[in-house]
Amino acid sequence: QVELVESGGGLIQAGGSRRLSCVASGRTFRVQGLGWFRQAPGKEREFVAALTWIGRTTKYADSVKGRFTISKDNAKNTLYLQMNDLRPEDTAVYYCAAKYVGADTFGSWGQGTQVTVSS
């Protein structure tokens, strides 16, 4: 299993930027991809962005394309989510997740970090 620990959340004004981090530890050699998800109050968890473990392929939700960038520092086993032009509707708990080799879904999750965007 892989342990994931997110950080970087907080209160940001609309139009501002924030970078979230997620440190992966444990059996990272079993990880095929990493992703960011978010869950707003009263809503289901939704996909935000993902990339392969070696970082060559990325995917974004339409709602964040052009504003958010997912990246990874392989030397530090750290996943990032750079969020620009933040909007109140981006307010949510953001979760980091790992997908294992051969798996169809994300199997490990972090504890989440709260991002609140004020208007």
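In the predicted model, V2 of strand 1 lies opposite G26 of strand 3. Strand 1 and strand 3 (residues 18-26) run antiparallel and are joined by six bridges. A further pair across these two strands is formed by E6, whose bridge partner in strand 3 is C22. The side chains of strand 1 alternate along its length: V2, L4 and E6 are directed to one face and are buried, whereas E3, V5 and S7 are directed to the other face and are not buried.

Strands 1 and 3 belong to an open sheet of four strands, arranged in the order 1-3-8-7 with antiparallel pairing. The edges of this sheet are occupied by strand 1 (2-7) and strand 7 (68-73); each has a single partner strand, so one side of each is left without a neighbour in the sheet. On average, and with direction ignored, neighbouring strands of the sheet are turned by 20° against each other.

Strand 1 is followed by a loop leading to strand 2 (10-13), and G8 is placed in this loop. G8 counts as partly exposed because its relative accessibility is 27%, a value between the 20% limit for buried residues and the 50% limit for exposed ones. G8 and K99 are 91 residues apart in sequence, and their C-alpha atoms are 22 Å apart in space.

Strand 2 presents a covered face, made up of G10 and I12, and an uncovered face, made up of L11 and Q13. Strand 2 is joined to strand 11 by four bridges, and these two strands run parallel. Within this pairing, T116 of strand 11 is the bridge partner of L11. Strand 11 also contains S118, which is partly exposed with a relative accessible area of 26%. The C-alpha atoms of S118 and G15 are separated by 9.3 Å, although the two residues are 103 positions apart along the chain.

Strand 4 is mostly covered, with seven of its nine residues buried. Two antiparallel pairings involve this strand: eight bridges join strand 4 to strand 9, and six bridges join strand 4 to strand 5. In the pairing with strand 9, R38 stands opposite Y94; in the pairing with strand 5, W36 has A49 as its bridge partner. The hairpin of strands 4 and 5 has six residues between the strands, and G42 in this hairpin adopts a positive phi near 80°.

W36 and Y94 recur in the nonpolar interior. The largest nonpolar core comprises 30 residues, among which W36, L81 and Y94 have the most contacts inside the core. Two or more residues are given to this core by each of strand 1, strand 3, strand 4 (31-39), strand 5 (46-52), strand 7, strand 8 (78-83), strand 9 (92-100) and strand 11 (113-118). Strand 9 supplies the largest share, five residues. In soluble globular proteins, nonpolar side chains tend to be buried together.

The largest pocket has a volume of about 190 Å³. Its lining consists of Q32, G33, L34, F47, A50, L51, T52, T57, T58, K59, K99 and F106. Strand 4, strand 5 and strand 6 (58-60) are the elements that give two or more residues to this lining, and strand 5 gives the most, with four residues. By residue class, the lining divides into five nonpolar, five polar and two charged residues.

Positive phi values also occur at two residues that are not glycines. N77 has a positive phi of about 50° and is found in the loop between strand 7 and strand 8. With a relative accessible area of 23%, N77 is partly exposed. D85 likewise has a positive phi of about 50°, and its place is in the loop between strand 8 and strand 9. D85 is partly exposed as well, with a relative accessible area of 39%.

Technical notes: Residues numbered from 1 in each chain as written. Predicted model: local features only at pLDDT ≥ 70, side-chain atom pairs only at ≥ 80, totals over all residues. Heavy atoms only, no water. Pairing = 2+ DSSP bridges. Axes fitted to C-alpha atoms, helices over the stretch in contact; angles between N-to-C directions. Core = buried A, V, L, I, M, F, W, Y, C linked by side-chain atoms within 4.5 Å. Buried < 20%, exposed > 50% of the residue type's maximum accessible area, 1.4 Å probe, protein only. 1 Å grid on protein atoms, 1.4 Å probe; cavity = no way out; pocket = protein on both sides within 12 Å on 5 of 7 lines; lining within 4 Å. Points joined across faces, edges and corners; volume = space filled by probe spheres on them. Nonpolar A, V, L, I, M, F, W, Y, C, P; charged D, E, K, R; others polar.
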